[in-house]
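Here's a quick briefing to help you find your way around a protein model. Keep the 3D view open and click along as you read.

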Amino acid sequence: MLNALGVIVSGRLVQTDFQEISATHFLITIPDADNVNHVVVFLTGTAPFPEGMAGGVYFSWPDPNAPPSWQLLGYISNSKPSAIFKISQLKKLDEIVGQAGGGIMNNNVFGSNLPISHIAQIGVSIEPEASLVQQTPATTTSSTYYQFGQKILENFFNFVSSFSVTQSQMTPNFNETYVPLSTLQTWYTNFERRLQQNPNFWKN
């Protein structure tokens with residue numbers, strides 16, 4: 001499969017120099033990945049996947065202190081020979097989930113004996129297509145976190161705002177504590193901004 005796989009980074013030459021780790025696992029490096037938003041992984045057409053198999057596409061940011069940890073981007077197959085993947089948000093996701101011990105990392109998918117890498121890597125693992133179809137890519141998980149957080153944020157803001165009254169409508173009650181609605185609005189704006197920057201910031 002060495003000559004059957006390729007990678008395209010926008011503005012760069014096509015890369016096909018995958019390294020064979022085993023008969024079913026292949027790696028390629030992506031220099032200067034901090035400046036990369038999307039990558040395309042594809043079959044070159046020289047050889048198909050075996051019947052019933054597909055290529056799980058994984059991504060790893062460099063960690064100067066540990067072997068690679070892998071995040072599933074998605075997959076390519078004989079019926080879907082190319083796919084574009086967004087990686088720009090995965091570095092933050094890698095850092096946060098790595099600290100929290102979350103489940104979207106596939107740390108040993110390429111074995112535990114790989115050396116420490118100082119360059120981002122893409123790995124393709126030949127696996128049963130039926131299994132890959134059922135897995136959730138890291139980018140989807142990040143998007144789900146964002147949507148969930150945004151819905152909770154909107155619900156809370158709308159609920160609290162429904163009790164708002166003007167100062168002239170207020171009835172003095174010395175047992176109650178009041179918070180200006182403008183304070184809630186500031187919190188809402190700041191929370192939403194942080195959620196857009198990093199859907200997983202609340203895990204810290």
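The points below go from the overall fold to a surface patch, a pocket and one loop.

Keep in mind that this is a predicted model. The protein chain has four helices and eight strands, and 37% of its 204 residues count as buried.

**The overall layout**
- Starting at the N terminus, the elements come in the order β-β-β-β-β-β-β-α-β-α-α-α.
- Try tracing that order in the viewer: you should pass seven β entries, then one α, then one more β, then three α entries.

**A nonpolar patch on the surface**
- Which residues make the nonpolar surface patch? They are F156, F159, V160, F163 and W187, and together they cover about 510 Å².
- Helix α3, which spans residues 138-161, gives the patch its largest share, with three residues.
- V160 is a good one to click on, since you'll find it in helix α3.
- Is V160 buried, partly exposed or exposed? Its relative accessible area is 31%, and because the partly exposed class runs between the 20% and 50% cut-offs, V160 counts as partly exposed.

**The largest pocket**
- The largest pocket has a volume of about 360 Å³.
- It is lined by 13 residues, and F163, S164, V165, Y178 and V179 are the ones closest to its centre.
- Two elements, α3 and α4 (181-197), each give two or more residues to that lining.
- What is the lining like by class? Ten of its residues are nonpolar, two are polar and one is charged.
- Did you spot F163 twice? This residue is part of the nonpolar patch and is also among the residues closest to the pocket's centre.

**The loop between β3 and β4**
- Now jump to the loop that links β3 (25-30) and β4 (38-43), where D32 sits.
- D32 has a phi near 50°, which is a positive value in a residue other than glycine.
- D34 lies in the loop between β3 and β4 too.
- Why does D34 count as exposed? Its relative accessible area is 54%, and exposed means over 50%, so D34 makes the cut.
- D34 and A120 are 86 residues apart along the chain, yet their C-alpha atoms are separated by 8.9 Å.

Note on methods
Residues are numbered from 1 along each chain as its sequence is written. This is a predicted model: local features need pLDDT of at least 70, side-chain atom pairs count only at pLDDT 80 or more; totals for chains, interfaces and linings use all residues. Side-chain values use heavy atoms; hydrogens and water are left out. Patches are made of residues with over 30% relative accessible area and no salt bridge: like charges are joined within 9 Å, nonpolar side chains (Val, Leu, Ile, Met, Phe, Trp, Tyr) within 5 Å. Accessible areas come from the Shrake-Rupley method with a 1.4 Å probe; for residues, only the protein chains shown count as cover. A salt bridge is a side-chain nitrogen of Lys or Arg within 4 Å of a carboxyl oxygen of Asp or Glu. Buried means under 20% relative accessible area, exposed over 50%, partly exposed in between (1.4 Å probe, protein chains only). On a 1 Å grid over the protein atoms alone, a cavity is a set of points where a 1.4 Å probe fits but cannot get out, and a pocket is an open set with protein on both sides within 12 Å along at least five of seven lines; lining residues have an atom within 4 Å of a point. Grid points are joined across faces, edges and corners, and a volume is the space filled by probe spheres set on the points. Ala, Val, Leu, Ile, Met, Phe, Trp, Tyr, Cys and Pro count as nonpolar, Asp, Glu, Lys and Arg as charged, and the others, Gly among them, as polar.
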